[in-house]
Amino acid sequence: MGFRETEEQIALRKAVAELGKRYGHDYTAPLARKREPLTELWNETGRSGFLGLNLPEEYGGGGAGMYELAIVGEELNAAGCGLLMMVVSPAICGTIIGRYGSPEQKQHWLPGIADGSTIMAFGITEPDAGSNSHNITTTARRDGTDWVLNGRKIYVSGVDHAQAVLIVARTEDAKTGRLKPALFALPTDTPGFEYTAIDMDVVMPDKQFLLFLDDVRLPADALIGDEDAALAQLFAGLNPERIMAAAGSTGMGRYALDRAVAYANQREVWGKPIGTHQGLSHPLAKAKVELELAKLMMQKAASLYDSGDDMGAGEAANMAKYAAAEASIACVDQAVQTHGGNGLAHEYGLGNLLIGARVARIAPVSREMILNFVAQFSLGLPKSY
Ligand SMILES: Cc1cc2nc3c(=O)[nH]c(=O)nc-3n(C[C@H](O)[C@H](O)[C@H](O)COP(=O)(O)OP(=O)(O)OC[C@H]3O[C@@H](n4cnc5c(N)ncnc54)[C@H](O)[C@@H]3O)c2cc1C
């Protein structure tokens, strides 16, 4: 077990950090206020080959792994300019298509996902099913060789600037009549597909949407992978999702701590820097310890995933996502506290992060659902629901 990153990983971290520094919080903040995507940064990140690091080289990707993609997610967030759609487009959708798509589907979708010219959103959450994704009711019915989809999705991020959405629907089993999940690549300009932005309090560049699928007709090859193995295919995308969510939270925590430390070293109200007071330095030190622990679990999850240990990665990715969300929330909270009144002034750009960091406690999977997973699968306790 090595705790030292390779030369390539160190160079990647440095290159992404430099890219992030050129954009940073000053670039992100006004766009986030207007709820407009970070298109320039997204495009440059894609052109630099950083968006598709986890995807196969033969389809335009970097042929590296989730560890490398997580470095990109962490470093951009640490610079104050995280790209939310990295969690979705290359990590969830790219992974699922890369693993289970037909050669034609890979050729059609992956090069664009890798260079960023195609953004694929991911729609699983539904208004009534919520966290219980076994209860989704968006259905896909066969009509000749086509599929016809009907249903609703909620809180789906980035649909307005995506070219397609990977929709989790259900098909009817011909033998049993029971519904089973299936995944469909749905181009956003398909007739019958509508979406409307949800008015959210969180200040971030990517909007969340309510999706309406009314008799959306898709050709046979919109079905990704095997109709009978969609659950396994879906799970394949969720470990990368959690690793990237953890990487994003880790980066955001670093960003907040860096800001807090700089301020605590410079601000004086009793004739010496406020960071001298242990009432401030100890919570910052505690936040640092917890952030490093979370980062270590995120790196473990990514390493296990890249080594092909999906089971081990599943547990570690859930724990990492939980720990990084909590650590990042604590870092942001303490950074705001360290700034006193300035912590809530727009100029300092920290107040918004209070909600921004907290998103990770709810999405992509809530804190409680992770604790359910750990209680049941890591500890062997009975399922409570
Ligand atoms: C900013 C943002 C971006 C998002 N982007 C996407 C996206 O791109 N695509 C997508 O599909 N979804 C997206 N989501 C949705 C997100 O995945 C869900 O909000 C999340 O999974 C929780 O589901 P819910 O909101 O329906 O809450 P509910 O399921 O209604 O849960 C409400 C509360 O009850 C708790 N709870 C529920 N069941 C249990 C239980 N069995 N035990 C203990 N507690 C329980 C939950 O933890 C939560 O605290 C996004 C959400 C946000 C906020």
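**A pocket, a buried glutamate and some paired strands**

The second largest pocket here has a volume of about 390 Å³. Sixteen residues line this pocket, and the ones closest to its centre are Gly 2, Tyr 67, Gln 299, Lys 300 and Ser 303. Keep in mind as you look around that this is a predicted model.

So who supplies the walls? Helix 7, which spans residues 278–306, gives the largest share of the lining, with seven residues. Sorted by class, the lining of the second largest pocket holds six nonpolar, six polar and four charged residues.

Now shift over to helix 3, residues 66–78, where you'll find Glu 74. Is Glu 74 buried or exposed? Its relative accessible area is just 1%, and the cut-off for buried is under 20%, so Glu 74 counts as buried. As for company, the side chain of Glu 74 makes a polar contact with the side chain of Arg 254, at 2.5 Å. Leaving aside residues up to four places away in sequence, Glu 74 touches Arg 13, Ala 247, Thr 250, Gly 251, Arg 254, Lys 295 and Met 298.

Last stop, the strands. Strand 7 (residues 208–218) runs antiparallel to strand 3 (residues 146–157), and eight bridges join the two. To pick out one of those pairings, look for Val 148, whose bridge partner in strand 7 is Arg 217. Strand 7 also runs antiparallel to strand 6 (residues 193–197), this time with five bridges. Here you can use Tyr 195 as a marker: Leu 211 in strand 7 stands opposite Tyr 195.

Methods:
Residues are numbered from 1 along each chain as its sequence is written. This is a predicted model: local features need pLDDT of at least 70, side-chain atom pairs count only at pLDDT 80 or more; totals for chains, interfaces and linings use all residues. Side-chain values use heavy atoms; hydrogens and water are left out. On a 1 Å grid over the protein atoms alone, a cavity is a set of points where a 1.4 Å probe fits but cannot get out, and a pocket is an open set with protein on both sides within 12 Å along at least five of seven lines; lining residues have an atom within 4 Å of a point. Grid points are joined across faces, edges and corners, and a volume is the space filled by probe spheres set on the points. Helices (H or I, at least four residues) and strands (E, at least two) are DSSP runs, numbered from the N terminus. Ala, Val, Leu, Ile, Met, Phe, Trp, Tyr, Cys and Pro count as nonpolar, Asp, Glu, Lys and Arg as charged, and the others, Gly among them, as polar. Buried means under 20% relative accessible area, exposed over 50%, partly exposed in between (1.4 Å probe, protein chains only). A polar contact is a pair of N or O atoms within 3.5 Å; within protein, one must be able to donate a hydrogen and the other to accept it, and residues adjacent in sequence count only if both atoms are side-chain atoms. Contact means heavy atoms within 4.5 Å. Two strands pair if DSSP finds at least two bridges between them.
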